[in-house]
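Please open the model in your viewer and keep the selection tool at hand. The stops below are meant to be taken in order, each with something to select and something to look for.

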Amino acid sequence: MVVDPQAPELVDSDFVAMMRASHLCVLIHDAATKNILWANPAACALLEWSVSELRPLKANHMSSSAQQYDRVIGRAWLQDAVEKGMSRIEWHYRSRSGRVIPTDAVAVRVELAQGPAVMVQFRDVEREQRVEAELRQTTSYVDALARHTATVAFMLDAGGAIRFATDTALAHLGLSGDTDPPVGRLLESYARLRRDGAETSWAEASAAADPVAPVRLEIPGAEPVTLEGGLERLRDVDAFLMILHDVSTRVRGEQRRELELRHENYLARYNAMGDMAMAIAHELGQPLAAAANFVAGVRAHAHALETSGQVPDGTTAALEYGLDSANRQIDRVSAIVGALRSFVGHLEHVEQVVDLNEVLDECLYFVRLRADSAGVDVVVRASPEPVPVRCERVLTGQVVLNLCFNAIDEIVAADAEDRRVERVTETREDGGTVTVADRGRGVREDVFADSFTSKEHGSGIGLALSHRIINRQHGAIWCEPRDGGGSVFGFSLPPG
């Protein structure tokens, strides 16, 4: 056994064992004749020949038939290695079954015990090219996914920071596809996350992803975007994949249908209220008349008793204060019933030509009742001439009431010193106009965005429904700040 002085722990047989175990193909050629002396198992497996079968073969037997792989060229390549010590070439071998095998081959001169030889080392680059092509194709697929799909996809780390996003996802966040990587955490910087209808944190959402949890992402803006999908915890990596789809159109449709349903419910309730009001007004008329008759009878009877001497003098005078007070209250109730009957007596909801001054007069009694109890003064500046418009009388009156009641409530809530609401009617070029001004806290953004009032009391009509009523009648409704504080609400309707 021979020991290599450079590696005393290895012996010659160890190098033979390593050569046999190597996946790199090795052929040993005689330096003079270029005949094959030996091949390792990897070369035999690739070329599909045994060592004994390879030894008598020449270059033309085991190389591609293409001209650049001619036997003469092969021998010259090997001879170059003999003379210079090493030579490299791209050589196409041919296996026993006829498969052409592209290789990157290196020929090296080695000194064997029997004399100089050429050791050719080569590997199958076809597989490497195939793997490289597959990688290029995969890269193109990933690029197509990132840049051309409508799917919204985010790759997030354990802390919720964005590590990858498709172009569509970036566009929803207001970023460009050149952002690499996007800056910031998804929820802290760009959006809100919801689960089961409630807003949630990244920690809660990521903990629920075991491995997948449904989520909804809401991105605020001038036109809010709603995305729905799933948050998936990726196996073997500390990261999460969020796949979403834009459902903003569906969500807006659902909100619109909900508003329409509330509008229908309101109209049904309004009609029922009108029917009840008419019934109550009708039924109260007879008891009120009877009560007035009873008061008059008490007054007459007391006077008769005093005249006949059955009661002391001055008895009738003593009763006058109570009887007069009772009469005043009866008259007040009669006035309320009369105003109620006049206001709801037009429930047919048909478009007609009406005078806006009359509509405001019909509403004024109820506005003053609300204002008096709140300590608010109502100032009316009506047009001296009729203001004819084309509208639905009752619903337009409801809008007037809503704007006035809101103004009264706003003044009380703001605790303003100037507790006064001003109502104005006038005729303009585009039709009749009503404005209601107050000295409250002023307007906020999107005052017509809420579907219905959030106040504890009220009919629930809301500014949004007032907006709908006026627009349906081809009018316009608006709100603007008032000089010196407060706000001015108004609407206009087409001329009649």
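Begin by selecting Cys44, which counts as buried because its relative accessibility is 14%, where buried means under 20% relative accessible area, exposed means over 50%, and partly exposed lies in between, calculated with a 1.4 Å probe and protein chains only. If a disulfide is taken as a pair of cysteine sulfur atoms within 2.5 Å, the count for this structure comes to zero. Cys44 is accordingly in no disulfide, and the nearest cysteine sulfur, that of Cys25, is 9.0 Å away. Select Cys479 as well, and you will be looking at a cysteine that counts as partly exposed, at 22% relative accessibility.

Before going further, note that this is a predicted model, in which local features need pLDDT of at least 70 and side-chain atom pairs count only at pLDDT 80 or more, while totals for chains, interfaces and linings use all residues. Residues are numbered from 1 along each chain as its sequence is written, and side-chain values use heavy atoms, with hydrogens and water left out.

Now zoom out to the whole protein and colour it by secondary structure, which comes to 14 helices and 19 strands; helices (H or I, at least four residues) and strands (E, at least two) are DSSP runs, numbered from the N terminus. Of the 496 residues in the protein, 38% are buried. The protein exposes about 27,800 Å², of which carbon and sulfur atoms supply 54%, with accessible areas taken from the Shrake-Rupley method with a 1.4 Å probe, and only the protein chains shown counting as cover for residues. If contact means heavy atoms within 4.5 Å, then among contacts between residues at least 6 apart in sequence, 55% join residues at least 24 apart.

Which residues have the most contacts inside the largest nonpolar core? Select Val367, Leu403, Val421 and Phe491, which hold that place in a core of 35 residues; a nonpolar core is a set of buried Ala, Val, Leu, Ile, Met, Phe, Trp, Tyr and Cys residues joined through side-chain atoms within 4.5 Å. Among the elements that give two or more residues to this core are helix H12 (356-374), helix H13 (393-414) and strand S19 (487-493). The largest share, ten residues, comes from H13. Stay with Val421 for a moment: leaving aside residues up to four places away in sequence, Val421 touches several others, including Val376, Ala407, Ile411 and Val436. Apart from the core around Val421 lies another core, of 28 residues, among them Ala43, Leu54, Trp77 and Leu78.

Next come the charged side chains. The structure holds 21 salt bridges, each being a side-chain nitrogen of Lys or Arg within 4 Å of a carboxyl oxygen of Asp or Glu. Select Glu228 and Arg216, whose side chains meet in a salt bridge (2.4 Å, N to O). This pair links distant parts of the chain, with Glu228 in strand S11 (residues 225-233) and Arg216 in strand S10 (residues 212-219), twelve residues apart. Add Arg250, which also forms a salt bridge with Glu228, the closest N and O atoms being 2.9 Å apart. Arg250 lies in helix H10 and Glu228 in strand S11, so this pair ties together parts that are 22 residues apart in sequence. With Glu254 added to the selection, you have a network of salt bridges that links Arg216, Glu228, Arg250 and Glu254. For another example, select Arg109 and Glu111, whose side chains meet in a salt bridge (2.9 Å, N to O); Arg109 is partly exposed at 34% relative accessibility, whereas Glu111 is exposed at 55%.

The last stops concern the backbone. A cis peptide bond, with omega about 0°, joins Asp210 and Pro211, and Pro211 is found in the loop between helix H9 (202-208) and S10. Select Glu48, which is not a glycine and yet has a positive phi of about 65°, in the loop between helix H2 (41-47) and helix H3 (51-54). Finish at His474, another residue other than glycine with a positive phi, near 65°. His474 is found in the loop between H14 and strand S18 (476-481), and counts as exposed because its relative accessibility is 66%.
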